[in-house]
Amino acid sequence: MKKTLAFWLTGLSGSGKTTIVNEAVRLLSGGDKRVKVYDGDVVREKINTSLTFSPEHIRENNRIIAELCRKDVESQQYDYIFVPVISPFRDARQRAKEMIGSSCYVVYCKSSLEAVIKRDPKGLYKKALAGHICNFIGVDEKTPYEEPLNADLVLDTQNDDLNTCVSRLIQFIHLKEK
């Protein structure tokens with residue numbers, strides 16, 4: 001039996017993490033492939049409702065998601081697990097990768113703050129810049145986004161279109177299956 005592969009997608013809000021995962025899942029779910037997604041927003045809304053967006057709570061949210069992912073990797077119920085979550089802190093991403101194990105890969109959805117502010121699909125940057133959202137990652141100095149120094153895969157979501165990013169992710173997945 002093949003081992004479960006986990007892909008931890010990190011990047012600023014609006015960098016395309018969830019969009020890329022949703023399209024990859026659509027393409028990979030056919031046939032006998034079993035796929036699980038731990039979307040950061042969904043997990044926070046359903047499981048970690050008491051957590052705020054303080055640096056400590058962001059780290060705790062990432063730890064909880066990593067623990068859920070680790071359990072699923074160990075159970076081998078899935079072929080692929082995707083975790084689209086901002087996870088702004090390098091130390092928290094490293095801990096998550098260590099918790100999940102050697103079948104976990106960090107995928108950086110790279111886009112500049114200026115580009116995601118311009119994109120702003122949820123209108124969150126506008127609110128954060130107006131002071132209506134505290135601790136907004138990448139905007140508030142207490143919650144900076146620390147770019148990965150050693151991501152396993154970098155997707156240039158600022159310059160490449162969705163199909164290119166999804167294609168690169170799927171090629172990477174197939175490479176790791178071997």
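**Exercise 1. Lysine 33 and its partner**

Is lysine 33 buried, partly exposed or exposed, and at what relative accessibility? Then find out what the side chain of lysine 33 meets.

*Solution.* Keep in mind that this is a predicted model.
Step 1: buried means under 20% relative accessible area and exposed means over 50%.
Step 2: lysine 33 has 25% relative accessibility, so this residue counts as partly exposed.
Step 3: its side chain forms a salt bridge with that of glutamate 177, at 3.7 Å from N to O.
Step 4: lysine 33 sits in the loop between α1 and β2, while glutamate 177 belongs to helix α7, so the pair ties together parts 144 residues apart in sequence.
Step 5: glutamate 177 is partly exposed too, with a relative accessible area of 23%.

**Exercise 2. A pair within one helix**

Work out where arginine 26 and glutamate 23 lie, and how their side chains meet.

*Solution.* Step 1: both residues are in helix α1 (residues 17-28), 3 residues apart, or about one turn of the helix.
Step 2: residues three or four places apart in an α-helix point the same way, because there are 3.6 residues a turn.
Step 3: the two side chains meet in a salt bridge of 2.6 Å, N to O.
Step 4: arginine 26 counts as exposed at 55% relative accessibility, whereas glutamate 23, at 19%, counts as buried.

**Exercise 3. A charge without a salt bridge**

Look for aspartate 72 in helix α3 and examine its surroundings.

*Solution.* Step 1: aspartate 72 is buried yet has no salt bridge.
Step 2: the nearest side chain of opposite charge is lysine 36, 4.8 Å away.
Step 3: a salt bridge needs the nitrogen and the carboxyl oxygen within 4 Å.
Step 4: leaving aside residues up to four places away in sequence, aspartate 72 touches Thr4, Lys36, Tyr38, Gln77, Tyr78 and Ile81.

**Exercise 4. The sheet and helix α4**

Trace the order of the strands, then see how α4 sits against them.

*Solution.* Step 1: the open sheet has 5 strands in the order β2-β3-β1-β4-β5, paired in parallel.
Step 2: β2 (35-37) and β5 (153-156) are at the edges with a single partner strand each, so one side of each has no neighbour in the sheet.
Step 3: on average, neighbouring strands are turned by 20 degrees against each other, direction ignored.
Step 4: α4 packs on this sheet, touching β1 and β4, and its direction makes about 170 degrees with that of β1.
Step 5: within α4 (residues 90-100), the buried residues are Ala92, Arg93, Ala96 and Ile100.
Step 6: seen down the axis of α4, these buried residues fall within an arc of 100 degrees, so they line one face of the helix.

Methods. Residues numbered from 1 in each chain as written. Predicted model: local features only at pLDDT ≥ 70, side-chain atom pairs only at ≥ 80, totals over all residues. Heavy atoms only, no water. Buried < 20%, exposed > 50% of the residue type's maximum accessible area, 1.4 Å probe, protein only. Helix = DSSP H or I, 4+ residues; strand = E, 2+ residues; numbered from the N terminus. Arc of directions from axis to C-beta. Pairing = 2+ DSSP bridges. Axes fitted to C-alpha atoms, helices over the stretch in contact; angles between N-to-C directions. Contact = heavy atoms within 4.5 Å. Lys, Arg positive; Asp, Glu negative; His and termini not counted.
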